[in-house]
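Subject: Structure for your review

Dear colleague,

Please find the structure below, together with its sequence. A written account of what was found in it follows.

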Amino acid sequence: MARAQRARIRTAGLQPAQVLAGLASLAFLVFGIVGFTRTGFADFAGRHEETVLGFSVNPLYNLGFVLLGAIGLLLTFGSGRSRAFGFLTFIAFGALFVWGLMIAGTVSTNPVSQAGNPFNLNGPDNWLHLGLAALGLVIAFLPARHKVLLPEDEDETVVTDRADSATVVQPVHDDPRRPKHEKGPAAAREERPPGLAH
């Protein structure tokens, strides 16, 4: 029971949230870059007829994907940071989903109607944003893989490290195979006259 209380739990290696966040970030970057090849940079927040995989895009929308993808790649180097990226993805695409519903008229009141449609949103975009917001939640709450360190595991590690970094000298006279009348090298060294170098 005492060992179970002293056991420590650590995260083990690359976490599933990091892998999923990295893949999502790469997909966002590719989507945004392909969008820029379709729309260019003219009429930055205006209406464009170009689409990527059936979703309407404009330069501002593409820039949002590129920025989110770049931030995601920077945050995938830690489990907690990957989860923060998941929450960021959920908030960003959740807001776009609600905004798209207001623009499409699904939500009757549109408090931001004076802002227009700067992201060039349409019906299919709303479903994309809903799916990406759900993906953000999955990244944020994906369980981590852990390993349990028991006290004896830590003791073995310490012993191994000690043996690697220092030479362990065994006393010669304790060797049970050596006859008692023979003298070991350490004893012979002590009996030499002080004037002899070797």
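I begin with a single residue in this predicted model. Q15 has a relative accessible area of 1%, so it counts as buried. Q15 belongs to the loop that runs between β1 (8-11) and α2. Which residues does Q15 contact, apart from its neighbours within four places in sequence? They are S79, A144 and R145.

Turning to the chain as a whole, the protein chain contains seven helices and four strands. Their order along the sequence is α-β-α-β-β-α-α-α-β-α-α. The protein chain has 198 residues, of which 30% count as buried. Among its contacts with a separation of 6 or more, 70% are made by residues 24 or more positions apart.

The interior comes next. The largest nonpolar core holds 18 residues, and the members that touch the most others are F28, F31, Y61, F65, F85 and F93. Two or more residues of this core come from each of α2, α3, α4 and α5. F65 may serve as an example. Beyond its neighbours within four places in sequence, F65 is in contact with F28, L29, F31, G32, F93, L128 and L132.

V66, which is found in helix α3, has contacts of its own. With neighbours within four places in sequence again set aside, V66 is in contact with F28, L29, G32, I33 and F36. Although V66 and I33 are 33 residues apart along the chain, their C-alpha atoms are separated by 6.8 Å.

Helix α5 deserves a fuller description. This helix covers residues 123-141, 19 residues in total, and spans 28 Å from its first C-alpha to its last, close to the 27 Å expected at 1.5 Å a residue. Its buried residues are D125, N126, L128, H129, L132, A133, G136, I139 and A140. Why do they lie on the same side of α5? The reason is that they cover an arc of only 160° around the axis. As background, residues three or four places apart in an α-helix point the same way, because there are 3.6 residues a turn. On the other side of α5, W127 and F141 are exposed. The cover over the buried residues of α5 includes α2 (16-39), β3 (55-56), α3 (59-75) and α4 (79-104). At the N-terminal end, α5 is capped by N122, which has a side-chain oxygen 3.1 Å from the backbone nitrogen of D125.

Helix α4, one of the elements covering the buried residues of α5, has 26 residues. From first C-alpha to last, α4 reaches 37 Å, close to the 38 Å expected at 1.5 Å a residue. The residue that follows α4 is G105, with a positive phi near 90°.

Lastly, I turn to charged pairs. Side chains of opposite charge can pair when their charged atoms come close. How many salt bridges does a search of the whole structure find? The search finds one. This salt bridge joins E49 and R47, whose closest N and O atoms are 3.8 Å apart. Are these residues buried or exposed? The relative accessibility of E49 is 65%, so E49 counts as exposed. R47, at 60% relative accessibility, also counts as exposed.

With kind regards

Note on methods: Residues numbered from 1 in each chain as written. Predicted model: local features only at pLDDT ≥ 70, side-chain atom pairs only at ≥ 80, totals over all residues. Heavy atoms only, no water. Expected span 1.5 Å × (residues − 1). Buried < 20%, exposed > 50% of the residue type's maximum accessible area, 1.4 Å probe, protein only. Arc of directions from axis to C-beta. Contact = heavy atoms within 4.5 Å. Polar contact = N/O pair within 3.5 Å; in protein donor to acceptor, adjacent residues only side chain to side chain. Core = buried A, V, L, I, M, F, W, Y, C linked by side-chain atoms within 4.5 Å. Salt bridge = Lys/Arg side-chain N within 4 Å of Asp/Glu carboxyl O.
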